[in-house]
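Subject: Structure handover and notes

Hello,

Here is the structure I said I would pass on. My notes on it follow below.

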Amino acid sequence: QVQLVESGGGLVQPGGSLRLSCAASGSIRSIYTMGWVRQIPGKQRELVARIRYGGSINYDDSVKGRFTISRDNAKNTVYLQMNSLIPEDTAVYYCHAVMAVGTAVVATSYWGQGTQVTVSS
């Protein structure tokens, strides 16, 4: 069974920092893309950042210069360093990965359970 397990969410004051981690486990052959998506209640999920196996990175404009995504391919883990947090960053953050698993012919999207990030004074 393939799992994405997130950690690192919590409550932080404006201007503070948090680091999210997401570890993939199971019968994984290859991980093509890993990233983070967030959802504010009543709104659609939005891409925060993603990193491809070769290292190319995309950020949402709202987090450029404040968030940094990285991955450790040996550990099947992706990280999101969030600095200069603002109340508008408050959301549930979901880890996302596109992976080839087991004997499957094609890669499939997998999601973590979500971790709450709250930015408030």
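Is C95 buried or exposed? C95 is buried, because its relative accessible area is 0%; buried means under 20% relative accessible area, exposed over 50%, and partly exposed in between, with a 1.4 Å probe and protein chains only.

Before the rest, a word on how to read the values. This is a predicted model, in which local features need pLDDT of at least 70 and side-chain atom pairs count only at pLDDT 80 or more, while totals for chains, interfaces and linings use all residues. Residues are numbered from 1 along each chain as its sequence is written, and side-chain values use heavy atoms, with hydrogens and water left out.

The disulfide

The structure holds one disulfide, a term that stands for a pair of cysteine sulfur atoms within 2.5 Å. C22 and C95 form this bond, with 2.0 Å between their sulfur atoms. C22 lies in strand β3 and C95 in strand β9 (residues 91–101), so the disulfide ties together parts that are 73 residues apart in sequence. Strands here are DSSP runs (E, at least two residues), numbered from the N terminus. The torsion about the S-S bond is about -80°, so the disulfide is left-handed. C22, like its partner, counts as buried: its relative accessibility is 0%.

The sheet

Strand β3 is also part of an open sheet of four strands, in the order β1-β3-β8-β7, with antiparallel pairing. Two strands pair if DSSP finds at least two bridges between them. At the edges are β1 (3–7) and β7 (67–72), each of which pairs on one side only. From one strand to the next, the twist averages 15°; axes for this are lines fitted to C-alpha atoms, and angles run from 0 to 180 degrees between N-to-C directions. β1 and β3 (residues 18–25) run antiparallel and are joined by five bridges. S7 has S21 of β3 as its bridge partner. As background, strands of a sheet pair through backbone hydrogen bonds, either parallel or antiparallel.

The core

The largest nonpolar core has 29 residues. Such a core is a set of buried Ala, Val, Leu, Ile, Met, Phe, Trp, Tyr and Cys residues joined through side-chain atoms within 4.5 Å. W36, L80, M82, Y93 and M99 have the most contacts inside this core. Two or more residues each come from β3, β4 (28–39), β5 (46–52), β7, β8 (77–82), β9 and β11 (115–119). The largest share, six residues, is from β9. In soluble globular proteins, nonpolar side chains tend to be buried together.

M99 is worth a look on screen. Leaving aside neighbours within four places in sequence, M99 is in contact with residues including V2, L4, A24, I28, S30, Y32 and Y110, where contact means heavy atoms within 4.5 Å. One of these, S30, lies in strand β4 and counts as partly exposed because its relative accessibility is 29%. By the same contact rule, with neighbours within four places left out, S30 touches V98, M99 and A100. S30 and A100 are 70 residues apart in sequence, yet their C-alpha atoms are 5.1 Å apart.

The salt bridges

A salt bridge is counted when a side-chain nitrogen of Lys or Arg is within 4 Å of a carboxyl oxygen of Asp or Glu, and by this rule there are four. R38, E46, R66 and D89 are linked in a network of them. Taking the pairs in turn:

- R38 and E46 form a salt bridge, with their closest N and O atoms 2.6 Å apart. R38 is buried, as its relative accessible area is 5%, whereas E46 is partly exposed, with a relative accessible area of 31%.
- R38 and D89 meet through their side chains at 3.0 Å, N to O. R38 lies in strand β4 and D89 in the loop between β8 and β9, so this pair ties together parts 51 residues apart in sequence.
- D89 and R66 form a salt bridge with the closest N and O atoms 2.7 Å apart. R66 lies in the loop between β6 (57–59) and β7 and D89 in the loop between β8 and β9, so this pair ties together parts 23 residues apart in sequence. Both D89 and R66 are buried.

Regards
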